[in-house]
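Subject: Handover of a structure and findings

Dear colleague,

Please find below the structure that I am handing over to you. My notes on it follow.

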Amino acid sequence: MKKITYLVTKIVVSLAFAFSLLLLLTSSINMKSNNNRLYAKQLITNVANDAGFGNLSSLFASSGLEDEMLSPLPKKSEVSITPLEVYNLSSTYKKQGKFSSKDLKLPSKTSGEKFISKYITVGINAGLKRNNEDVKNALNLYQLVYYALLLCFAISIILVLLGKRFAGITAVLSSAGMLVGLLFASEKATTILDEILYSGMKVTISPNFLTAVIVVVIASIVWEVVCHNYRKTQR
């Protein structure tokens, strides 16, 4: 009976680790805008200034065309992306050196949304180009962390299947490290957006990231207890 319990626990814990990894890769990182029109106006001004058309931007605003174009925009919006999608985006940028509106999952249902999405894309690509080397280094680091996360979970699952104690250590450390890293990065991103765009934007992460860490910790503790007790019966 204890052997059956041991084998069942081995399978359940392995599946729990795989489920946690799936949560970590597919849970959302959200960017919320509380005032799209204000953000859009600021972005248009920034992009125009960067391109040397500051006077044209002022004329566009004073003519009333800007308000008319931006009026269809919803007051608030939210864009979500997952760590897996960030990895795919990093690969796209390394190949193409820029992003499209489709790559960034920007809204394009109305003419106003298409207009502002185009400006957002131009603004993002211009910012990335200005800091090209730093961006490439950051993307390389992200991909390295991504692979390390996969490797750590693969090691934990393999060690569980081999019946090794403390098999969950690598999964616990990597998942907790990712959670802390995302919390820090979201706060940093919000600060940067506040400085270069406007204070109505905020980056947050899904509670599912915390859920993934909790599942890993519980599964690791259960495995340790069951594995320890099973070994005692085998002596």
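Is S14 buried or exposed? S14 is buried, because its relative accessible area is 9%; buried means under 20%, exposed over 50% and partly exposed in between, with a 1.4 Å probe and protein chains only.

The model is predicted, so local features need pLDDT of at least 70 and side-chain atom pairs count only at pLDDT 80 or more, while totals for chains, interfaces and linings use all residues. Residues are numbered from 1 along each chain as its sequence is written, and side-chain values use heavy atoms, with hydrogens and water left out.

S14 belongs to helix α1; helices are DSSP runs of H or I with at least four residues, numbered from the N terminus. Apart from neighbours within four places in sequence, S14 is in contact (heavy atoms within 4.5 Å) with I157, V160 and L161.

Helix α7 covers residues 132-161. The end C-alpha atoms of α7 are 44 Å apart, which agrees with the 44 Å expected of its 30 residues; the expected span is 1.5 Å times one less than the number of residues. Among the buried residues of α7 are Y146, F153 and V160. After α7 comes G163, with a positive phi near 80°.

Helix α9, residues 208-234, has 27 residues, and its end C-alpha atoms lie 39 Å apart, in agreement with the expected 39 Å. Its buried residues include W223, E224 and C227.

I4, also in helix α1 (residues 2-26), is exposed, with a relative accessible area of 52%.

Yours faithfully

Definitions and conventions
Helix = DSSP H or I, 4+ residues; strand = E, 2+ residues; numbered from the N terminus.
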